[in-house]
Every structure is written in C-alpha cells, then in structure tokens.
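Got your viewer open? Load the model, switch to cartoon, and keep the selection box handy. We'll go stop by stop.

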Amino acid sequence: LHNLVGNAIKFTEQGRVEVSAHLNGDELEVRVSDTGIGIEPEHREKVFEFFVQADASTQREYGGTGLGLAVSRQLVELHGGRLSVESTPGKGSVFSFTLPVAEATASEEATERKPAPALIEVEESVASVEASSTNPLAERAPQTDRGTILIVDDESVVRQVLRHHLVPQGHRVLDASSGARALELLQSEEIDLVLLDIMMPRMTGYEVCRTIREASSRDELPVIFLSAKDRQQDRVAGFDVGANDYLAKPIGRSELLARVDAHLELLMVHRGKEEKVQELMGMLPICSHCKKIRDDDGYWSQLEVYISRHSEAQFSHGICPGCMVEHYPDFV
C-alpha cells in the first residue's frame with residue numbers, strides 16, 4: 001500500500017490520488033487510483049519486473065529503483081492475493097491488490113486492542129529519525145571531523161539512514177537529492193568522498209560521476225556507488241565512468257563504514273604524497289617561466305651575468321638557460 005500510494009503521488013504532478021477498499025466475498029480488495037501520466041498497454045506487465053519502469057524516459061524524469069512494484073507483487077502473492085493494474089495513458093492508473101480476510105478469534109481480538117511491541121518499536125524509531133532531522137544537536141558528531149562526505153540519493157529515507165551511520169563516526173555529512181545539486185555542492189564545498197546513487201531522475205549517477213572525473217581524479221576525490229542494481233554489467237559501467245568502489249543496496253552498516261574508512265585513508269595517503277612533492281619542488285631550482293627544473297650549471301652561470309647588471313633584490317626567481325636566451329637576450 002505504501003509503495004502504490006507513493007507511486008501514484010510521484011506520477012501525478014497535478015490531479016487526484018484516491019485510496020479505497022471493499023470486501024468481495026472472503027477477500028479484501030484495495031484500490032489506489034490516480035490521474036497521472038498513465039501506462040501504455042504494452043508496458044503494463046513490464047512495470048512488475050525487476051529494475052523496470054514504464055520506459056527509459058520516465059526513469060530519467062521521476063527516478064526510482066524499479067524494484068517497488070516487483071517486490072509488492074511478490075509480497076501480495078505470498079499472502080495469497082493478486083496485484084494488477086488498469087491504466088489509460090495520459091489519464092491515470094488504478095492499481096489494486098487483494099488479500100484473504102482472516103477470521104480472528106475472541107482472544108486474538110482482545111490482543112489486537114493492545115499496541116503490538118513491533119509497532120511500538122517502529123513508532124519510536126520513526127520518532128527518533130524525525131527528531132534528528134529537525135534537531136541539529138542530534139546530528140552533532142561526538143568526535144573530531146574525520147572528513148566531509150557528500151550523500152547523493154533521490155530517496156530521503158536513504159539519505160537519512162546513511163547520515164545516521166556516518167555522523168556518529170565523526171564525519172561531516174552533506175546531502176543532495178539530485179545530480180545537479182550534488183555538482184553545485186562540489187563547487188562550493190570541500191568534499192572528501194561521495195556516496196552516489198545511480199538511478200536518479202534527470203541526471204543519473206553515471207553522468208554525475210563522469211562530470212566529477214572531468215575535474216578530479218580517483219585519487220583526488222573517491223566516489224562510491226550505492227545502487228540496487230547489482231549485475232556485473234552495472235558494476236563494470238560504474239568503474240568505467242570513474243567509480244572507486246561499488247556497494248549494492250541494501251547496504252550493511254559495518255561494510256559501509258569499512259569501505260568509507262578505507263577510501264578516506266587512501267585519500268590521506270595521496271594528499272600526504274602531494275604535500276611532500278610540493279615541499280621537494282620548493283627546494284629545487286624551478287624556472288619562473290617554463291616551470292621546469294633548471295639546469296643548475298647553466299642557470300648559475302647565467303645568473304651571475306644577470307646579477308652583475310642588476311641588483312640581487314630585483315632577481316626573485318631563477319631562470320633556466322633556454323628562457324634566459326628567449327626572454328633576456330641582452331644579458332646572455
């Protein structure tokens with residue numbers, strides 16, 4: 001029911017979504033109708049397949065994993081019911097599912113009046129998530145900053161779960177619900193690692209990663225794909241566009257944190273090497289024109305000629321013999 005209502009809202013930008021239910025013999029039928037974009041006849045059964053939406057354009061426009069309806073149909077069938085769809089393109093869809101009606105005993109009816117422990121746990125968990133999302137103090141990291149991580153996913157629940165895993169570890173966490181927003185944050189913020197979903201509306205994770213790699217290498221900014229797609233070709237495509245790693249949803253907390261820590265450690269090693277190179281380069285005689293290491297013998301001999309005609313204070317950077325000839329021919 002949650003998935004069908006969510007789909008109806010997602011595919012109905014303007015209009016109406018209605019939920020109704022009625023008894024039909026020993027079955028309960030629940031109907032979710034909308035006035036959205038509808039589904040072409042040839043695509044009506046395809047939407048119940050894994051990783052499939054009505055067509056490629058709807059996935060780019062509306063996002064989603066293409067798992068919801070496939071999982072929903074299996075769950076309904078496991079309960080002995082059926083899930084089906086009626087639709088008119090451009091006018092809307094009606095998804096309906098049936099469930100067999102159970103006959104409760106007197107003792108079961110009395111039990112049902114009490115809150116179920118599982119329901120209480122769910123309510124407390126939801127309340128905790130809501131409190132942390134509105135209370136900045138709930139997200140404050142208990143440790144020092146261990147790197148800034150950008151989460152990119154069009155599902156708010158996924159972003160919130162990842163945030164709750166990462167913030168207690170001392171990470172500063174930013175999030176984006178779209179590829180375009182992610183690229184904006186990468187321009188304005190110092191990001192150390194990106195957790196990137198693949199199937200997002202308008203701009204896929206593949207496109208986002210490809211754009212990131214135009215400015216930063218794998219060593220400079222690690223990208224970990226998080227996706228419900230776990231086929232070999234999906235992983236290969238991810239690495240082809242520049243991913244450092246690939247994790248399939250659902251993602252275990254311990255594995256996520258281990259991968260994040262590993263890539264951040266490699267990043268720190270790379271940055272340490274860069275700083276060492278910069279330090280060494282500062283000790284070497286670098287030509288101020290061509291930026292190459294000078295030929296010391298030739299450099300010093302030409303420098304003596306230059307200093308003999310100009311004060312040493314005027315000469316702040318060394319010049320290689322080639323650039324001396326090109327830029328200061330009068331002093332050679």
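Start with a quick one: is R235 buried, exposed or partly exposed? Select R235 and colour it by accessibility: its relative accessible area is 28%, so R235 is partly exposed. Bear in mind as you click around that this is a predicted model.

**Stop 1: around R235**

Add D230 to the selection. D230 and R235 form a salt bridge, and their closest N and O atoms are 2.7 Å apart. D230 is partly exposed too, with a relative accessible area of 42%.

Now pick D234 and K229. These two also form a salt bridge, with 3.7 Å between the closest N and O atoms. In this pair, both D234 and K229 are buried.

**Stop 2: zoom out**

Show the whole chain. You should see 12 helices and nine strands. The chain has 332 residues, and 38% of them are buried. Its accessible surface comes to about 19,800 Å², with 53% of that belonging to carbon and sulfur atoms. If you like contact maps, here's a number for yours: among contacts between residues at least 6 apart in sequence, 59% join residues at least 24 apart.

**Stop 3: the sheet**

Hide the side chains and look for an open sheet of five strands. Reading across, the order is β6-β5-β7-β8-β9, and the pairing is parallel. Which strands stand at the edges? Select 172-176 for β6 and 245-248 for β9: each has a single partner strand, so one side of each is left without a neighbour in the sheet. Look along the sheet and you can follow the twist, which averages 20° from one strand to the next.

Next, select residues 148-152, strand β5. Five bridges join β5 to β6 in the parallel sense. For a landmark on that pairing, label L150 and L174: L150 stands opposite L174 in β6.

Then bring back the helices, beginning with α8 at residues 205-215. Helix α8 packs on the sheet and touches β7 (193-197) and β8 (223-227), and its direction makes about 180° with that of β8. Move on to α9, residues 232-240. This helix packs on the sheet as well, touching β8 and β9, with about 145° between its direction and that of β9.

**Stop 4: L166**

Select L166, which is found in helix α6 (residues 156-166). How much of L166 is accessible? Its relative accessibility is 0%, so L166 counts as buried. To see what surrounds it, show the residues in contact with L166, leaving aside neighbours within four places in sequence: I149, I151, H171, V173, L195, L257 and V260. For a distance label, draw one between the C-alpha atoms of L166 and T148; they are separated by 10.0 Å and lie 18 residues apart along the chain.

**Stop 5: past the end of β9**

Turn on the backbone at K249 and P250. What kind of peptide bond joins them? A cis one, with omega at about -5°. P250 is found in the loop between β9 and α10 (253-283).

K249 has another job for your selection box: add D153 and D197, and you have a network of salt bridges linking D153, D197 and K249.

Click I251, which is found in the loop between β9 and α10. At a relative accessible area of 22%, I251 is partly exposed. Beyond its neighbours within four places in sequence, I251 is in contact with L226 and L256. The C-alpha atoms of I251 and L226 are separated by 8.0 Å, with their positions 25 residues apart along the chain.

**Stop 6: another salt bridge**

The structure holds 15 salt bridges. Select E189 and R172 for one more: their side chains meet at 2.9 Å, N to O. The pair links distant parts of the chain, with E189 in the loop between α7 (179-188) and β7, and R172 in strand β6, 17 residues apart. E189 counts as partly exposed at 29% relative accessibility, and R172 is partly exposed at 35%.

**Last stop: a nonpolar patch**

Switch to a surface view and select L1, I9, V17 and V19. Together they make a nonpolar surface patch of about 350 Å². I9 is found in helix α1 (residues 2-10), and I9 is exposed, with a relative accessible area of 54%.

Notes: Residues are numbered from 1 along each chain as its sequence is written. This is a predicted model: local features need pLDDT of at least 70, side-chain atom pairs count only at pLDDT 80 or more; totals for chains, interfaces and linings use all residues. Side-chain values use heavy atoms; hydrogens and water are left out. Two strands pair if DSSP finds at least two bridges between them. Helices (H or I, at least four residues) and strands (E, at least two) are DSSP runs, numbered from the N terminus. Axes are lines fitted to C-alpha atoms, for helices over the stretch in contact, and angles run from 0 to 180 degrees between N-to-C directions. Contact means heavy atoms within 4.5 Å. Patches are made of residues with over 30% relative accessible area and no salt bridge: like charges are joined within 9 Å, nonpolar side chains (Val, Leu, Ile, Met, Phe, Trp, Tyr) within 5 Å. Accessible areas come from the Shrake-Rupley method with a 1.4 Å probe; for residues, only the protein chains shown count as cover. A salt bridge is a side-chain nitrogen of Lys or Arg within 4 Å of a carboxyl oxygen of Asp or Glu. Buried means under 20% relative accessible area, exposed over 50%, partly exposed in between (1.4 Å probe, protein chains only).
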